[in-house]
Amino acid sequence: MNNKIYKTQLKAGLGLIPETFRIFEIWEPGINAKKLYKGVLKSGSFPNISAKRLQNIIFYGFATRYLIEETKPAQNIKKLINNISSNEMNQLMFLYTCRANEILKDFLNQVYWEIYQAGVNTVSRLDSIEFVENAVSKRLTISDWSEYTIKRVSSDLLGVCADFKLLGNLERGKRNILPFSPSPLTVSYLAHDIHFQGLSDSALVEHSDWNLFGLNGNDVVAELKNMALNGELILQSSASLVQISWKYNNMEEYINGIIEF
């Protein structure tokens, strides 16, 4: 039985990039989604958004992406948000948005990057609709989605890709594929984040999160070699073996190292 379940929570907000920046101005460690909603509502930071809409953004957008206790992404982002470029921060937001939305991860892997690698320059609305329809037919949703929901989710998938600059504006039912690759900091952050999840170095290289940025195992090894040249780690690699000596003992040390640098 497939335990993967697709949800419609992207409708709470697509990339939510400007909203996330503003919410992080208010969020502090220890504040849960309920307290955060009350604090953001009281702050008046979103005067043109209804209370219900704001609640959906906090609970189904922000919280599902960043308020994850096990990996504590909110604490990492809070520390970095004023210490790295907006492009770098957007890519970290992209990572956590994908992790929180299984349907988006699969859309990127099965549609976006497949089309990109085939040399096609656009992703169409039909490509997205066919992907969602196929998911419903495979019972990857809790219930059968209506035609309206299928079209809405299809549009959301294209919209969030546009928010994170993987796709351009919608024109005649298609969006142009834009140049998209992870920054050195994004690569470094993801490598450390995966490592501190307790995975082996070989498992790190093959981790599925790299696919979100269009990287395969060979690409990852090349990126790790660049990190080694920059003194971030010591890498030994062969055709079948990867061994890494890490500079930091935990993610908190690594984040502090970025800030101090």
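R99 comes out as partly exposed, at 24% relative accessibility, in this predicted model. Its side chain meets that of D209 in a salt bridge, with 2.7 Å from N to O. The two ends sit in distant parts of the chain, 110 residues apart: R99 in helix α5, D209 in the loop between α10 (201–205) and α11 (217–229). Below is a quick tour of the charged pairs, the nonpolar core, helix α6 and a few single residues.

**Salt bridges**

- How many salt bridges does a search of the whole structure find? It turns up seven.
- While R99 is partly exposed, its partner D209 is buried, with a relative accessible area of just 3%. The cut-off for buried is under 20%, so the 24% of R99 puts it outside that class.
- K79 and E252 make another pair, their side chains meeting at 3.7 Å, N to O. Because K79 belongs to helix α4 (residues 73–80) and E252 to helix α12 (residues 251–260), this bridge ties together parts that are 173 residues apart in sequence. K79 itself is partly exposed, at 30% relative accessible area.
- D156 and R152 also pair up through their side chains, at 3.3 Å from N to O. Both sit in helix α8, four residues apart, which is about one turn of the helix. In general, an α-helix has 3.6 residues a turn, so residues three or four places apart point the same way.
- Are the two members of that α8 pair buried or partly exposed? D156 is buried, with a relative accessible area of 7%, and R152 is partly exposed, at 33%.
- R99 and D209 also belong to a network: salt bridges with shared partners join them and D193 into one.

**The nonpolar core**

- The largest nonpolar core counts 83 residues, and L108 and L224 are the ones with the most contacts inside it. Helix α6 (residues 102–117) supplies the largest share of this core, eight residues.
- What does L224 touch, once neighbours within four places in sequence are set aside? Its contacts are A191, L204, V205, L233, L235 and I244.

**Helix α6 up close**

- The 16 residues of α6 should span 22 Å at 1.5 Å a residue, and its end C-alpha atoms are 21 Å apart, so the two values agree.
- There is a kink in α6 all the same, about 40 degrees and centred on L108. That is one of the two residues with the most contacts inside the largest core.
- Which residues of α6 are buried? They are I103, L104, K105, D106, F107, L108, V111, Y112, W113 and I115. Note that K105 and D106 are on that list along with the nonpolar side chains.
- These buried residues pack against the helices α5 (86–100), α7 and α8, and against the strands β1 (122–124), β2 (167–171) and β3 (174–177).
- After α6 comes G119, with a positive phi near 85 degrees.

**Positive phi without glycine**

- As background, most residues other than glycine have a negative phi.
- L16 has a positive phi of about 50 degrees although it is not a glycine. It is found in the segment before α1 (17–26) and counts as buried, at 6% relative accessibility.
- R139 also has a positive phi, about 60 degrees, and isn't a glycine. It lies in the loop between α7 and α8, and at 64% relative accessibility it counts as exposed.

**Loops and the far end**

- T141 lies in the loop between α7 (125–137) and α8 (147–163). It is buried, with a relative accessible area of 7%.
- A polar atom of the T141 side chain lies 2.6 Å from the backbone oxygen of S143. Beyond its neighbours within four places in sequence, T141 is in contact with Y6, A135 and V136.
- L199 is found in the loop between α9 (184–195) and α10, where it counts as partly exposed at 32% relative accessibility. Not counting residues up to four places away, it touches I194 and H207.
- Where does F261 sit? It is in the segment after α12, and it is exposed, with a relative accessible area of 88%.
- F261 and F21 are 240 residues apart in sequence, and their C-alpha atoms are 22 Å apart in space.

How values were computed:
Residues numbered from 1 in each chain as written. Predicted model: local features only at pLDDT ≥ 70, side-chain atom pairs only at ≥ 80, totals over all residues. Heavy atoms only, no water. Core = buried A, V, L, I, M, F, W, Y, C linked by side-chain atoms within 4.5 Å. Buried < 20%, exposed > 50% of the residue type's maximum accessible area, 1.4 Å probe, protein only. Contact = heavy atoms within 4.5 Å. Polar contact = N/O pair within 3.5 Å; in protein donor to acceptor, adjacent residues only side chain to side chain. Expected span 1.5 Å × (residues − 1). Bend = angle between axes of the 7 residues up to and from the residue. Salt bridge = Lys/Arg side-chain N within 4 Å of Asp/Glu carboxyl O.
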